[in-house]
Amino acid sequence: MNATIAAVRMKGISKAFGGVRALDRVDIEVLRGEVHALLGGNGAGKSTILKILNGIHRPDEGTIDVLGVPLTTHTAEASRAAGIAMNFQEMSLIPTLTVAQNIFLTRESRDRMGLIDDADAERRAAEIFALLEVAVDPKSIVADLGAGQKQLTEIAKAISRDAKVLILDEPSTALAVSDVERLFVFLRKLKSEGVAIIYVSHRMDEIARIADRATILRDGRHVITAPLSELPIDTMIEHIVGKRSKGLSDVERGTAVKGEVLLELHGVSGAHKPDNISLSLHRGEVLGLAGLLGSGRSALARVIAGIEPARAGRISVKGRPVTIRKPSDAIGAGIALVPEARATQGIIPSHSVESNMTLAVIGRLSKAGFVDGKAASDLTDTQIKRLAVKTASRDHAVSTLSGGNQQKVVIGKWLATDPDILVFDEPTAGIDIGSKSEIIRLVRELAASGKGVIMISSELSELLTACDRILVMSDGRVHQDLPRSAFDDSTVPADDTAHRLQAAEQRLQIEIQRALKAKEVPRG
Amino acid sequence: MANAFFANWRQNIIYIGFVVIFVVFAVTLNDKGFLNPNNLLNIVRQTAMIAVMAIAITFVLSAGEIDLSVGAVAGLTTVTVAMAISAGGPFAGVGAGIATGLAVGMFNGWLTTRIGIPSFLTTLAMMGIAKGVAMWISATAAVPILSRNYSWVFGGGNIGPVPVLLIWMVLFGCIGHLVLRRSGFGRRVLATGGGETAARYSGIDTDNIKFKVLVISSCAAAFAGMLYAGRLQSGRFQLGEGDELSVIAAAVLGGTSLFGGKGTVIGTIVGALMIGLINNGLILMGLEFSQQLIARGGIIILAVALSQKRS
């Protein structure tokens with residue numbers, strides 16, 4: 001074997017989606033027998049380049065060599081044949097089949113009669129789990145497994161292909177600390193057998209422990225590839241964050257005039273997350289929730305909005321205790337949630353802009369059971385104008401609108417309820433940069449007009465731009481409650497807004513990573 | 001522009017199809033009396049029951065649910081109405097009919113929303129139960145209805161040349177159309193079927209909506225049963241048998257989505273009339289029953305296939 005042949009060599013890869021450049025001439029080289037970390041913020045292009053390697057997307061330009069052989073066909077089948085395997089962050093398992101059936105799906109073991117031999121599949125699955133030194137029963141139905149075991153099944157599925165290149169996308173999200181340790185032991189074993197591993201994670205401490213080298217992407221461009229020994233966590237964060245100048249730093253933050261307490265939570269817990277949350281939200285304030293995937297931010301939002309009611313704790317609105325058991329209770333209390341999954345939770349795609357905008361206020365718009373058509377149209381037109389929604393008419397299906405405008409429809413629907421408290425869960429996910437800063441500006445305006453806003457975002461620059469105060473969450477709990485000013489670096493001149501935002505983002509990153517470690521101490 | 005026309009063309013295929021079939025029958029079957037006013041009114045008489053049930057099932061389908069029990073419930077109601085009339089007169093009969101619909105509908109709704117059995121299974125089971133009860137309480141015999149007044153109001157009567165059945169159909173159609181298009185309830189039904197999660201997040205009690213549409217559907221089926229009983233002056237368990245297929249076909253032909261979120265009462269009525277039209281035309285053509293079944297199936301497949309939007 002020639003050790004100088006890279007396991008994967010991607011050169012000059014570019015990819016655009018409808019005019020938006022997701023990747024711009026990116027080079028990545030992964031060697032045999034190394035764990036190569038792929039790092040970058042949201043929208044940096046990580047998942048796009050992985051999808052290209054996996055054959056899900058075709059690159060607009062550039063070449064891919066796998067073990068020295070050019071990969072010319074860009075299909076999932078071709079990538080698999082070349083020896084590339086990947087676990088999927090969004091579970092690719094079929095819940096009604098057993099673990100073993102899932103692992104060998106489409107590659108089932110056959111007996112001599114040519115019939116599917118489940119017993120053999122179970123044996124082989126058990127061997128893989130024995131290698132991993134984890135206890136997963138190959139015979140159990142996937143739907144009955146916990147998140148961690150599902151994740152291990154995903155990984156086992158990827159490993160079972162005898163992959164030359166194994167891509168792990170956030171493999172540790174759902175794993176307990178002890179399982180992560182076992183995964184690492186196993187990855188080192190694979191590594192020594194010459195398998196190349198591409199490891200994607202937002203957890204810097206994990207990267208520092210397992211990876212040999214790292215490649216950092218930002219805004220679709222390659223930033224740096226270096227051995228981990230040359231990349232302390234601070235440097236990594238610096239490269240990931242980079243220089244922010246994309247329209248956000250010019251959003252006026254102003255100073256909020258804090259009013260009375262609008263929303264107060266005392267020891268609120270959900271079924272699993274959140275865990276014992278206490279917080280207060282004032283009139284005129286934007287409160288940010290920072291944390292990684294699974295930190296309990298969205299779960300907290302769903303509790304407040306009555307979608308998954310609290311199991312314990314007290315909630316009061318404007319000083320009065322309220323009972324929120326279902327969404328209509330929350331709406332009645334003046335709370336509105338702009339949910340994270342816009343397509344399913346926010347809009348009814350096939351229905352018109354008007355139907356969507358009036359959905360939460362049908363009762364108010366009705367006289368003797370019948371909807372006042374003029375009032376509904378007027379309300380819709382007002383919101384379209386106020387939010388500058390780009391739509392051909394109020395009667396067009398929401399599915400015909402762009403992501404940013406769809407989000408505005410959701411926001412308009414909730415503004416129509418005239419809420420005091422608005423919860424925005426990832427309001428800018430999957431929308432273009434122009435609409436993003438519009439939405440951030442809107443959040444500021446809403447607060448300025450006397451509402452209380454809770455904002456969840458994985459884009460730290462947005463959180464820092466929009467919020468007056470930020471709670472850092474991890475594992476369902478609040479670890480830090482910091483005013484926005486705590487993130488300011490006084491050594492950066494105040495008029496250099498782009499630079500200031502960048503410095504604040506680094507500090508927030510460090511806080512989020514710190515919260516993760518805080519969670520590991522009591523367990524480890 | 002061409003695209004918009006194409007989308008419209010597909011959306012309006014039911015109306016175009018209705019006119020085309022009508023014209024074809026009018027030309028080819030003219031000598032067999034197709035255009036005779038009596039024949040046309042007969043089509044209405046035969047279609048009214050299907051139409052009443054189909055209007056209600058439009059709400060069920062729009063909410064993303066289904067009701068397979070309508071035909072059997074109609075049959076059961078003919079029996080309960082006939083028995084109640086012979087025991088206590090026409091008003092008792094009307095009361096028994098409404099009670100039958102309410103009881104079955106609430107049971108369907110309760111099983112679907114509280115116990116969590118999919119409506120497909122709930123109403124499939126109810127189809128058997130309703131038919132069984134009808135056979136049992138009538139001892140599989142026809143129960144005659146001797147009240148002239150009842151028969152006139154529910155199915156048999158005419159006001160001038162206009163059959164009472166037509167008036168019922170139009171009345172249900174108007175109410176159904178207004179409620180689905182213009183009422184808060186109708187909006188909530190469409191929202192529940194169009195995106196249940198988003199509807200729930202918007203504060204709509206989607207379980208309550210599903211419960212109500214299933215009750216409406218059973219009550220309409222019971223009303224259709226009352227019409228069958230009046231028209232045929234008897235209660236028989238076989239009445240309405242197999243109607244669920246015509247009813248669902250009428251709604252889907254009319255442009256209501258089987259998957260929820262999209263429904264039109266006017267389309268449904270035209271769909272029901274079209275099925276009646278096809279049945280009538282095929283009979284006048286002198287086709288045997290077996291041939292009628294095949295031709296009817298073929299026409300329905302064609303119409304639905306044409307209305308499908310390809311991605």
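Phe59(B) sits in helix H3 of chain B, which covers residues 37-62. The model is a predicted one, and this residue is a good place to begin looking at it. Is Phe59(B) buried or exposed? With 30 other C-beta atoms within 10 Å, Phe59(B) is buried; the cut-off for that label is 20 or more. Leaving aside residues up to four places away in sequence, Phe59(B) touches Leu180(B), Val189(B), Val213(B) and Ile216(B). Ile278(B) makes a useful reference point elsewhere in the chain: 219 residues separate Phe59(B) and Ile278(B) along the sequence, and their C-alpha atoms are 25 Å apart.

**From Phe59(B) to helix H9 and chain B as a whole**

One of the residues touched by Phe59(B) is Val189(B), and Val189(B) is among the buried residues of H9(B). Helix H9 of chain B runs over residues 184-194 and is mostly covered, with 11 of its 11 residues buried. Among them are Phe185(B), Arg187(B), Arg188(B) and Leu190(B), as well as Gly184(B), Gly186(B), Gly193(B) and Gly194(B).

Stepping back, chain B contains 14 helices and 4 strands. Buried residues account for 52% of its 311 residues. Of the contacts in chain B with a separation of 6 or more, 79% come from residues 24 or more positions apart. Along the principal axes, the C-alpha atoms fill a box of roughly 65 × 60 × 35 Å. A compact globule of 311 residues would have a radius of gyration near 19 Å, and chain B agrees with this, at 19 Å.

**Where chain B meets chain A**

In the contact between the chains, 19 residues of chain B meet 23 residues of chain A. On the chain B side, H9 and helix H10 (196-201) each supply at least two residues. Which element gives the most to this side of chain B? It is H9(B), with 7 residues. By class, the side of chain B that touches chain A has 5 nonpolar, 8 polar and 6 charged residues.

**An open sheet in chain A**

Over in chain A, 4 strands form an open sheet in the order E12-E11-E14-E15, with antiparallel pairing. The edge strands are E12 (277-282) and E15 (320-322), each of which pairs on one side only. On average, neighbouring strands of this sheet are turned by 20 degrees against each other, direction ignored. As a general point, strands of a sheet pair through backbone hydrogen bonds, in either a parallel or an antiparallel sense.

Strand E11 of chain A, residues 261-269, runs antiparallel to E12(A), and 5 bridges join the two. To find your place in the register, look for Glu264(A), which stands opposite Ser280(A) in E12(A). The loop between E11 and E12 of chain A holds Pro274(A). The peptide bond leading from Lys273(A) to Pro274(A) is cis, with omega near -10 degrees.

**A parallel pair and a one-faced helix**

Strand E16 of chain A, residues 335-338, pairs with strand E19 (residues 421-425) in the parallel sense over 4 bridges. Here Val338(A) stands opposite Phe424(A) in E19(A). Both faces of E16(A) are covered: Ile335(A) and Leu337(A) are buried on one side, and Ala336(A) and Val338(A) are buried on the other.

In helix H8 of chain A, residues 233-241, the buried residues include Met236(A), Ile237(A), Ile240(A) and Val241(A). Viewed down the axis of H8(A), the buried residues fall within an arc of 125 degrees, so they line one face of the helix. Right after H8(A) comes Gly242(A), which has a positive phi near 60 degrees.

**Positive phi outside glycine**

Two residues of chain A, neither of them a glycine, also have a positive phi: Leu67(A) and Ala368(A). The table sets out their phi values and loops.

| Residue | Phi | Loop in chain A |
|---|---|---|
| Leu67(A) | near 50 degrees | between strand E4 (61-66) and strand E5 (69-70) |
| Ala368(A) | about 50 degrees | between strand E17 (366-367) and strand E18 (370-371) |

How do their surroundings look? Leu67(A) is partly exposed, with 18 other C-beta atoms within 10 Å. Ala368(A) counts as exposed, because it has 7 C-beta neighbours inside 10 Å, and the exposed class takes in residues with 12 or fewer.

Methods
Residues numbered from 1 in each chain as written. Chains lettered and ligands numbered in written order. Predicted model: local features only at pLDDT ≥ 70, side-chain atom pairs only at ≥ 80, totals over all residues. Rg over C-alpha atoms; globule rule 2.2 N^0.38 Å. Contact = placed C-beta atoms within 7 Å. Nonpolar A, V, L, I, M, F, W, Y, C, P; charged D, E, K, R; others polar. Arc of directions from axis to C-beta. Pairing = 2+ DSSP bridges. Axes fitted to C-alpha atoms, helices over the stretch in contact; angles between N-to-C directions.
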